[in-house]
Amino acid sequence: MQFAHWCGAHVLATAATKHREFVLDLGAHEIIDYTTQRFEDVVHDVDVVLDLIGGDTLTRSWGVLQPGGILITLAGTIDRSEASRRRVRGVRFTVKPSRTDLAAIARLIDAGTIRAIVSDVFPLAGAQKAFRQGLKGHNRGKIVLRVDGGLSGLV
Ligand SMILES: NC(=O)c1ccc[n+]([C@@H]2O[C@H](COP(=O)([O-])OP(=O)(O)OC[C@H]3O[C@@H](n4cnc5c(N)ncnc54)[C@H](OP(=O)(O)O)[C@@H]3O)[C@@H](O)[C@H]2O)c1
């Protein structure tokens, strides 16, 4: 969402009521409380959908795109026939580590353009617990693993 804002997009985000102010502060222009409202009833003709949920949320997302738009999912599977029927594109996206991208992101953080929000920090030995917490969803930022003594023993 912060990257979309930085790119100059008008950003509509789905979030629960308790996260409304937090998400607005991160740069969303409009919040749709998905617990009380179906986003497809109020959102139409957007250029890009970034789907972090998959399943039914992904299926309902096709209808909010305008022709020529793109649905990018991080959590679901793209139905190619649905994309072509609606004259939009659908892409499954998976993050890949990139030194160049990370350096660019670090510059944006240094410039204060984007913020890294940390919800929890776990020791490396608590990795399993951290992973389980991530799976629950509804976290308010990133979950970080702390490596005491640096990474020298791991690489
Ligand atoms: N493919 C990849 O490379 C990749 C990379 C990173 C993450 N992921 C996956 O993406 C998913 C989410 O990642 P994340 O934890 O980073 O996301 P997140 O920050 O928790 O954001 C999810 C957003 O969607 C909202 N939301 C939750 N349930 C919803 C629903 N049913 N309808 C509409 N909006 C809903 C949440 O609101 P509230 O929190 O207010 O409920 C929150 O604003 C996870 O499954 C993760 O594994 C994939």
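# A stroll through the model

Select R115 first: with a relative accessible area of 38%, R115 is partly exposed, where buried means under 20%, exposed over 50% and partly exposed in between (1.4 Å probe, protein chains only). You are looking at a predicted model, in which local features need pLDDT of at least 70 and side-chain atom pairs pLDDT 80 or more, while totals for chains, interfaces and linings use all residues. Residues are numbered from 1 along each chain as its sequence is written, and side-chain values use heavy atoms, without hydrogens or water.

**Stop 1: the partner of R115.** Keep R115 selected and add D25. Their side chains meet in a salt bridge, 3.3 Å from N to O; the term stands for a side-chain nitrogen of Lys or Arg within 4 Å of a carboxyl oxygen of Asp or Glu. This pair links distant parts of the chain, 90 residues apart. D25 belongs to helix α2 (residues 20-25), whereas R115 sits in the loop between α6 and β6 (118-123). Helices (H or I, at least four residues) and strands (E, at least two) are DSSP runs, numbered from the N terminus.

**Stop 2: step back.** Now show the whole protein as a cartoon. You will find seven helices and seven strands, and reading along the sequence gives the pattern α-β-α-β-α-β-α-β-α-β-α-β-α-β. The C-alpha atoms fill a box of roughly 55 × 35 × 30 Å, taken along the principal axes. Of the 155 residues in the protein, 28% are buried. Among contacts (heavy atoms within 4.5 Å) between residues at least 6 apart in sequence, 22% join residues at least 24 apart.

**Stop 3: further charged pairs.** The salt bridges come to eight by the rule above. Select E82 and R86 for one of them: their closest N and O atoms are 2.7 Å apart. E82 is buried, at 16% relative accessibility, and R86 is partly exposed, with a relative accessible area of 31%. Elsewhere, salt bridges that share partners join R38, E40, D56 and R60 into one network. Within that network, zoom in on R38 and E40, whose side chains meet at 2.9 Å, N to O. R38 counts as partly exposed because its relative accessibility is 42%; E40, at 18%, counts as buried.

**Stop 4: a charge without a bridge.** Select D51 in strand β3 (residues 46-51). Which side chain of opposite charge is nearest to D51? It is R92, 7.5 Å away, and D51 is buried yet has no salt bridge. (Lys and Arg count as positive, Asp and Glu as negative; His and the chain ends are not counted.) Add G54 to your selection: its backbone nitrogen lies 3.0 Å from a polar atom of the D51 side chain. Then show what surrounds D51. Leaving aside neighbours within four places in sequence, D51 is in contact with T57, L58, L71, I72, T73, L74, A75 and G76.

**Stop 5: a residue in a loop.** Finish at F93, in the loop between β5 (89-92) and α6 (99-110). Is F93 buried or partly exposed? F93 counts as partly exposed, because its relative accessibility is 40%.

Methods. A polar contact is a pair of N or O atoms within 3.5 Å; within protein, one must be able to donate a hydrogen and the other to accept it, and residues adjacent in sequence count only if both atoms are side-chain atoms.
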